[in-house]
Amino acid sequence: MVKIAVENLYFRYPEAAGFALRNVSFRIEEGESVAILGENGAGKTTLAKNLNGLLKPTEGSVKIDGVDTRSLSVAKIARKIGFVNHNPEHQFFAEKVEDEIRFGLRNFGFPEETIDKIIQEVLSVFGLEEYRGKNPFQLSGGEKKRLAIASIMAWRPEALIVDEPTIGMDYAQKMNIRRVLRRIVSEGRCVIVITHDVDFAATICERAIILSRGEVIGDGRLRELLSDDELVEKASLRKPFIIELEEETGLTGLEEDFDILSSILMEVFQKCRS
Amino acid sequence: MSFLRAFKYRRKDTVVHRLDPRSKFLLSVVLMMVSIMFADIRVLLVLISGQLILLFLAKSLGEWFSSLRGLVFFFAVIFITQLLFGGTFYTGIVLSLRLVALSSSMSWFFLSSTPEDIGRAMSVAGLPIELTFSFTMAIRFIPVIYDEFQSIYDTQRSRGLELEKGGFRDRIRNLMPILIPLLVGTIRRTYEIADAMEVRAFGASPKRTTYKPLKLKSGDYIVCIASAILVVSALALKMVYGVE
């Protein structure tokens with residue numbers, strides 16, 4: 001079933017001379033994992049904000065479950081489509097981690113007696129139990145990102161849009177976020193990752209939508225799109241490491257064993273260095 | 001926050017943009033003083049009309065009009081407080097017009113002067129560098145803070161926050177999830193900038209030089225004379241003709 005339908009979307013910021021998005025059309029089905037890729041300034045975040053109703057199309061339409069976003073409030077859309085900002089600190093204001101999760105649940109009118117139960121469950125799923133009473137601003141970068149995703153996933157939206165999930169993160173933190181997102185995908189929820197980190201996207205998403213200067217220049221299976229040298233160059237991206245490795249070695253299905261593979265490679269690199 | 005757009009410098013090639021920041025600042029201060037001096041609707045309307053001409057010459061009328069939308073909240077506060085505390089509808093109009101006149105007095109100046117130009121003008125006037133630098137930094141960061149505010153606002157709306165929901169007290173309480181991250185971010189940035197400046201030896205040399213000295217031209221003298229005429233006319237209107 002179609003969750004999000006974008007048809008001939010054009011978007012222009014107030015005061016801007018040109019369109020930030022031009023003639024963008026695609027459909028995202030329930031349970032799909034989609035990477036929106038593109039260089040800086042390609043229009044990825046603008047597209048994401050159109051998908052969750054923060055921005056309304058200048059021309060064309062964005063429909064959530066068949067309803068035009070123009071006729072829905074941001075809060076109504078947010079109940080179905082969660083959005084995680086690239087900077088988690090832009091959402092923190094509570095004194096404790098648990099209160100940060102409580103905020104969205106209260107806004108959406110969850111009964112108080114179930115809120116505590118949900119918080120406990122979410123903290124456990126996202127590995128944040130030990131930080132329950134800690135100030136969100138005192139968490140590490142990776143923990144902040146996990147808390148940001150946790151505080152959205154608490155009300156169980158049907159789809160999740162994550163803007164630049166790996167920005168400024170080290171390897172271990174990226175792996176944690178990857179596990180969290182893969183878990184959400186495995187629950188049958190739709191995950192849309194906005195990034196230019198192709199290695200990260202390749203291990204989570206089946207499908208990619210590639211943007212360049214506000215236009216869709218590629219939409220299809222991520223592996224196929226990112227194997228196309230011409231397209232990759234046009235979008236100022238690069239081939240994911242995993243695809244390059246498969247091409248070099250002739251092996252296939254390496255992303256299935258990505259965790260094992262990456263730990264082996266880390267070991268090899270460390271040995272080479274020493 | 002959209003009213004802040006009226007204070008963001010826009011690079012344009014106009015007569016007003018080419019003026020020396022000192023002469024523009026003088027006229028801006030005079031316009032502000034006159035706005036405060038009078039409570040007569042006619043005078044305030046004439047003053048606003050004059051400022052509209054300046055904004056037209058600076059090709060910045062669009063920015064000014066869009067910023068007026070942001071002032072609507074303040075107009076509402078003015079009218080409500082007037083009606084609550086024994087004022088009249090007339091005083092509400094006067095105060096609102098004064099607010100427009102005051103904000104316009106600063107608006108055309110900031111729209112047409114770069115923060116660097118303003119800093120240079122303050123340095124030439126003999127103000128300490130710590131003060132001028134803080135001032136120019138504050139101006140330069142207005143758009144940055146505005147963008148951050150917008151991002152935080154969007155993020156909290158995506159978590160179900162509805163600012164327009166509830167009574168007056170609820171609406172004020174609803175601002176907290178926006179103001180706290182904004183404040184924390186601003187304070188953090190302040191420390192980062194202070195560190196970045198220190199590692200580049202800010203304040204190490206007591207004597208500073210400028211690579212782009214300011215020079216008054218004929219247009220600037222005209223602005224200075226116009227400012228003087230405006231002061232004399234305002235005083236005459238007030239003292240001789242007794243205009244309120």
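A residue is called buried when its relative accessible area is under 20%, exposed when over 50%, and partly exposed in between. With that in hand, here are some views of this predicted model.

**Figure 1. Chain A as a whole, with 53% of its 274 residues buried.** Chain A contains 11 helices and 10 strands. Its radius of gyration is 19 Å, close to the 19 Å that the globule rule gives for 274 residues, so chain A is as compact as a globular protein of that length. The C-alpha trace of chain A spans about 55 × 50 × 35 Å along its principal axes. The accessible surface of this chain comes to about 12,400 Å², and carbon and sulfur atoms account for 48% of that area. Contacts also link distant parts of the sequence: of those in chain A between residues at least 6 apart, 61% join residues at least 24 apart.

**Figure 2. Cysteines in a structure with zero disulfides.** Counting over all chains, the model holds zero disulfides. Take A:C190 as an example: the nearest cysteine sulfur belongs to A:C205 and is 9.8 Å away. A disulfide needs two cysteine sulfur atoms within 2.5 Å, and A:C190 is in no disulfide. A:C190 counts as buried because its relative accessibility is 0%. For B:C224 the value is 25%, so this cysteine counts as partly exposed.

**Figure 3. Two residues of chain A with positive phi, A:N23 and A:D65.** Most residues other than glycine have a negative phi, and that is why a positive value is worth a look. A:N23 has a phi near 45 degrees and sits in strand β2, residues 21–29 of chain A. With 41% relative accessibility, A:N23 is partly exposed. A:D65 has a phi near 50 degrees, and its place is the loop between β4 (59–64) and β5 (67–68) of chain A. Its relative accessibility is 24%, so A:D65 counts as partly exposed too.

**Figure 4. A:E244 in helix α10 of chain A.** This helix covers residues 241–249. The relative accessible area of A:E244 is 39%, which means that this residue counts as partly exposed. How many residues apart in sequence are A:E244 and A:V84? They are 160 residues apart, and their C-alpha atoms lie 30 Å apart in space.

**Figure 5. The surroundings of B:S113, a buried serine of chain B.** B:S113 belongs to the loop between α5 (89–112) and α6 (115–124) of chain B. Its relative accessible area is 2%, so B:S113 counts as buried. What does the side chain of B:S113 reach at 2.8 Å? The partner is the backbone oxygen of B:F109. The side chain of B:S113 also makes a polar contact with the side chain of B:K24, at 3.2 Å. Leaving aside residues up to four places away in sequence, B:S113 touches B:Y9, B:K24 and B:I118.

**Figure 6. The two assigned domains of chain B.** Domain 1 is made of two stretches of sequence, 1–113 and 217–244. Domain 2 takes in residues 126–213. Taken over C-alpha atoms, the centres of domain 1 and domain 2 of chain B are 25 Å apart.

Terms used: Residues numbered from 1 in each chain as written. Chains lettered and ligands numbered in written order. Predicted model: local features only at pLDDT ≥ 70, side-chain atom pairs only at ≥ 80, totals over all residues. Heavy atoms only, no water. Buried < 20%, exposed > 50% of the residue type's maximum accessible area, 1.4 Å probe, protein only. Domains from an automatic or database assignment. Helix = DSSP H or I, 4+ residues; strand = E, 2+ residues; numbered from the N terminus. Rg over C-alpha atoms; globule rule 2.2 N^0.38 Å. Contact = heavy atoms within 4.5 Å. Areas by Shrake-Rupley, 256 points an atom, 1.4 Å probe, with all protein chains shown as cover. Polar contact = N/O pair within 3.5 Å; in protein donor to acceptor, adjacent residues only side chain to side chain.
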